[in-house]
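Trainee: I have a new model open and would like to go through it with you. Please start with the whole chain and then take me slowly through one part of it.

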Amino acid sequence: RHIYLELVQEKEDWLRRKIKETITIPNIRYFNGKIPGKKSLPDIDLAIISDEEKIVFVTELKWFISPSEPREVIEKSIEIQTGISQSSLLEQEYLNNPALFSRLLNIDDTYTLTFLVLSTNYIGQGVYQCPNIPVLKVEHFIRKLNTENSFSSILNWLIIRDYLPIEGKDYKIVQVPSQIADWKVLWYGLQAIRSDEFL
């Protein structure tokens with residue numbers, strides 16, 4: 001367990017570096033670390049700060065081992081739910097005590113903070129999605145951010161939940177025949193319609 005926890009920390013450190021290296025927007029700052037005097041609160045995994053647009057994305061980072069058996073899929077979805085809960089705790093603390101975040105992130109009360117969960121490879125089952133804490137893949141978020149080159153555009157994209165795929169617009173359901181020995185079944189699959197950031 002000790003070795004596993006060390007690997008988890010190494011993955012998180014690597015993911016932070018990767019995000020910083022991949023975002024191409026200039027003049028943005030980052031913060032990660034504990035919230036002083038608040039042991040009951042989770043750490044801030046990574047805050048991405050634009051002083052020019054006065055917007056901060058406070059992210060909870062997740063990274064799972066793939067592929068997964070059914071039991072692991074359920075466990076990963078629960079872990080996504082945990083990430084949502086951690087982001088919600090940080091959001092509530094910010095609403096109750098904005099001055100604490102202002103000091104920590106070196107911002108003022110004109111900044112907008114948005115809390116979200118970023119995962120490298122799995123965003124959880126639909127039942128675990130949250131209406132006010134976005135959950136999306138790291139690559140999807142960064143690609144959209146670099147394409148728009150604007151924190152305010154991404155903020156609106158998150159608020160209206162346009163990051164979620166829509167059947168008939170982004171993907172379609174197709175039938176997939178499958179056979180094992182004499183057993184035949186008509187199953188289904190998802191086929192992408194778009195070829196941009198959703199892939």
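Trainee: What percentage of the 199 residues of the chain count as buried? After that, please give me a close look at the hairpin formed by S6 and S7, and set it beside the rest of the chain.

Mentor: Happy to. Keep in mind that this is a predicted model, in which local features need pLDDT of at least 70 and side-chain atom pairs count only at pLDDT 80 or more, while totals for chains, interfaces and linings use all residues. Residues are numbered from 1 along each chain as its sequence is written, and side-chain values use heavy atoms, with hydrogens and water left out.

Your number is 38% of the 199 residues, where buried stands for under 20% relative accessible area, exposed for over 50% and partly exposed for what lies in between (1.4 Å probe, protein chains only). The chain exposes about 12000 Å², 54% of it supplied by carbon and sulfur atoms; such areas come from the Shrake-Rupley method with a 1.4 Å probe, and for residues only the protein chains shown count as cover. The C-alpha trace spans about 65 × 40 × 30 Å along its principal axes.

Five helices and seven strands make up the elements, taken as DSSP runs (helices H or I of at least four residues, strands E of at least two) and numbered from the N terminus. Their order from the N terminus is α-β-β-β-α-α-β-β-α-α-β-β.

Now to your hairpin. Strand S6 (residues 171-180) pairs with S7 in the antiparallel sense over ten bridges; two strands pair if DSSP finds at least two bridges between them. One place to see this is Ser178, whose bridge partner in S7 is Val185. Two residues lie between the strands, and Ala181 in the turn has a positive phi of about 55°.

How many of the ten residues of S7 are buried? The number is one, so strand S7 (residues 183-192) lies largely in the open. In a regular strand, side chains alternate between the two faces of the sheet.

The hairpin also carries a nonpolar surface patch made of Ile173, Val176, Val185, Trp187, Tyr188 and Leu190, with about 640 Å² of accessible area together. S6 and S7 are the elements that give two or more residues to this patch, and S7 has the largest share with four. Patches are built from residues with over 30% relative accessible area and no salt bridge, joining like charges within 9 Å and nonpolar side chains (Val, Leu, Ile, Met, Phe, Trp, Tyr) within 5 Å. Leu190 sits in S7 and is exposed, at 61% relative accessible area.

For contrast, look at the interior. The largest nonpolar core has 26 residues, of which Ile44, Val56, Phe101, Leu105 and Leu113 touch the most other members. S2, S3, H2, H3 and S4 each give this core at least two residues. Apart from it lies another core of 23 residues, Leu46, Phe57, Leu155 and Leu158 among them. A nonpolar core here is a set of buried Ala, Val, Leu, Ile, Met, Phe, Trp, Tyr and Cys residues joined through side-chain atoms within 4.5 Å.

Helix H3 (residues 98-105) has Leu100, Phe101, Ser102, Leu104 and Leu105 as its buried residues, and their cover includes S1, S2, strand S3 (55-62), H2 and strand S4 (112-119). Just after H3, Asn106 takes a positive phi of about 55°. Leu113 is in contact (heavy atoms within 4.5 Å) with Val56, Val58, Tyr94, Phe101, Leu105 and Ile107, leaving aside neighbours within four places in sequence.

Last, the charged side chains form ten salt bridges, each a side-chain nitrogen of Lys or Arg within 4 Å of a carboxyl oxygen of Asp or Glu. Lys38 and Glu93 make one of them, with the closest N and O atoms 3.3 Å apart. Lys38 lies in the loop between strand S1 (28-33) and strand S2 (44-50) and Glu93 in helix H2 (residues 70-96), so the pair ties together parts 55 residues apart in sequence. Lys38 is partly exposed at 29%, whereas Glu93 is buried at 13%. Glu148 and Lys144 meet at 3.5 Å, N to O; four residues apart in helix H4 (residues 138-148), they are separated by about one helical turn.
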